[in-house]
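Colleague: Could you take me closely through one helix of this predicted model? I should like to see what encloses that part, and then how the surrounding structure is laid out.

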Amino acid sequence: MEKKIAVILGDGIGPEVTRQSIRVLDAVAKQFGHVFHYSYALMGADAIDKTGSPLPDETIETCLNSDAILFGAIGHPKYDNDPNAKVRPEQGLLMLRKSLQLFANIRPVTTYASLQHLSPLKPKILEGINCVIFRELTGGIYFGNKTLSEDGNTASDDCIYTKGEIERIAHLAFRAAQQRRKKLTLVDKANVLETSRLWRKVVQEMAAQYPDVSVDFLFVDNAAMQLIINPRQFDVILTENMFGDILSDEASVITGSLGLLPSASIGNGGALFEPIHGSYPQAAGKDIANPLGSVLSAAMMLDHFGLTVEAAKVRAAAQWTLDSGFVTKDIDPVNFYFTSTIGELICDFVQDKIHTELH
Ligand code: IPM
Ligand code: MN
């Protein structure tokens with residue numbers, strides 16, 4: 001198989017973790033006889049420094065001409081505490097999601113037995129967690145009209161959703177539930193927000209088309225609590241943009257490290273794969289960041305290409321590093337391995353150069 005991949009290294013640790021994924025994709029290509037072509041493009045603080053724009057036109061062009069996009073991370077501290085900044089790195093990612101209509105962000109939450117001790121939750125609560133968050137990605141309060149009054153004392157962000165925007169992601173979530181444990185939980189704030197009441201109505205109506213899926217509804221404050229006290233109850237969580245952003249960070253740390261969670265953003269044709277973590281500027285360039293969030297995102301990309309055996313092999317490799325104690329500093333601050341070493345080990349595993357019985 002031959003595929004064109006747009007690579008956006010981005011900011012902070014983005015470049016170093018994404019480079020490991022490229023090595024892993026190259027190892028997959030060699031091992032299974034595929035050809036991946038990479039085109040590099042700029043976005044975020046990196047793009048602002050080099051071009052003045054967080055999302056240069058060329059980047060959109062490169063992405064449109066590719067079969068998938070692999071993206072690292074975005075953000076730089078110099079913008080975070082400057083409320084007057086006119087351009088922000090994050091605008092690049094938001095504009096890219098919007099222009100490619102990547103409306104569904106899929107964030108699977110996987111736990112690893114060997115990392116149980118790192119979870120803030122007790123082992124008996126952790127057992128059997130297996131859920132996936134379907135986060136709406138191109139609507140809601142992120143994209144509504146924003147205002148700031150002339151005196152600078154009043155600000156607003158509109159939250160807007162249309163029936164069509166809700167339906168298209170809900171169909172994907174229902175179908176995913178059919179392939180899984182057949183449970184869908186809509187998370188909203190329907191006791192307060194009009195948009196949430198629309199979500200609830202649309203999802204209630206759609207439920208009739210998926211009689212094999214049981215549907216329940218949770219207010220977001222309750223859902224945040226339930227994720228901590230009884231995460232096992234969740235199978236597919238469907239939610240709007242901002243609630244999904246918040247809940248997925250919360251869900252990620254119950255697995256032991258934010259550095260482990262991958263994501264896929266899909267929509268009308270395009271597909272972007274990125275770890276859910278941020279740019280972690282304090283670690284940039286130190287070769288200490290966890291590459292697994294990115295490598296597992298690359299595995300989701302392989303699945304998207306229909307290369308499911310290859311994807312499973314990459315996941316097995318990641319699992320093997322964790323089980324063997326080949327972990328980065330976020331997981332073991334004393335006996336840790338470098339980002340690039342983990343990347344190399346995963347490549348070796350993928351190419352059958354590791355004889356696991358020796359370990
Ligand atoms: C994420 C990030 C982004 C978001 C930021 C960087 C704009 O937190 O992908 O979860 O809020 O969507
Ligand atoms: Mn986030």
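Modeller: Helix α11 covers residues 292-304, and its 13 residues, at 1.5 Å a residue, should span 18 Å; the end C-alpha atoms are 18 Å apart, so the expected span and the model agree. The model is a predicted one.

As to its surroundings, eleven of the 13 residues of α11 are buried, so the helix is largely enclosed by the rest of the structure. A residue counts as buried here if 20 or more other C-beta atoms lie within 10 Å of its own. The buried residues begin with Leu-292, Gly-293, Ser-294 and Val-295, continue through Leu-296, Ser-297, Ala-298 and Ala-299, and end with Met-300, Met-301 and Leu-302. Both helices and strands form the packing partners of these buried residues: the helices are α1 (14-32), α12 and α13, and the strands are β3 (68-73), β11 (262-266) and β12 (271-275). After α11 comes Gly-306, which has a positive phi, near 85 degrees.

The wider layout is as follows. The protein chain is divided into domain 1, made of 1-100 + 270-359, and domain 2, made of 108-148 + 155-256. Between the C-alpha centres of the two domains the distance is 24 Å. Eight residues from domain 1 and eleven residues from domain 2 take part in the contact. On the side of domain 1 that touches domain 2, α5 (89-99) and α12 (308-323) each supply at least two residues. That side comprises four nonpolar residues, one polar and three charged.

Helix α5 also appears in the surroundings of ligand 1, where it gives the largest share of the shell, three residues. Around ligand 1 are Ile-74, Gly-75, Glu-90, Leu-93, Leu-94, Asp-245 and Ile-276. By class, this shell has four nonpolar residues, one polar and two charged.

Thr-356 offers a contrast with the buried residues of α11. Thr-356 lies in the segment after α13 (339-350), and it is exposed because 10 other C-beta atoms lie within 10 Å, where the limit for an exposed residue is 12 or fewer. From Leu-172, Thr-356 is 184 residues away in sequence and 37 Å away in space, C-alpha to C-alpha.

Finally, the UniProt record, in an unreviewed entry, lists residues 4-346 as "domain: Isopropylmalate dehydrogenase-like". In the model, the end C-alpha atoms of that span lie 22 Å apart, and the span is 42% helix and 19% strand.

Notes
Residues are numbered from 1 along each chain as its sequence is written. Chains are lettered from A and ligands numbered from 1 in the order in which they are written. This is a predicted model: local features need pLDDT of at least 70, side-chain atom pairs count only at pLDDT 80 or more; totals for chains, interfaces and linings use all residues. UniProt positions are given in the numbering used here, feature names are shortened, and annotations may be inferred rather than shown by experiment. Helices (H or I, at least four residues) and strands (E, at least two) are DSSP runs, numbered from the N terminus. Domain bounds come from an automatic or database domain assignment. Two residues are in contact if their C-beta atoms, placed from the backbone, lie within 7 Å. Ala, Val, Leu, Ile, Met, Phe, Trp, Tyr, Cys and Pro count as nonpolar, Asp, Glu, Lys and Arg as charged, and the others, Gly among them, as polar. The expected span of a helix is 1.5 Å times one less than its number of residues. A residue is near a molecule or strand if its C-beta atom, placed from the backbone, lies within 6 Å of it.
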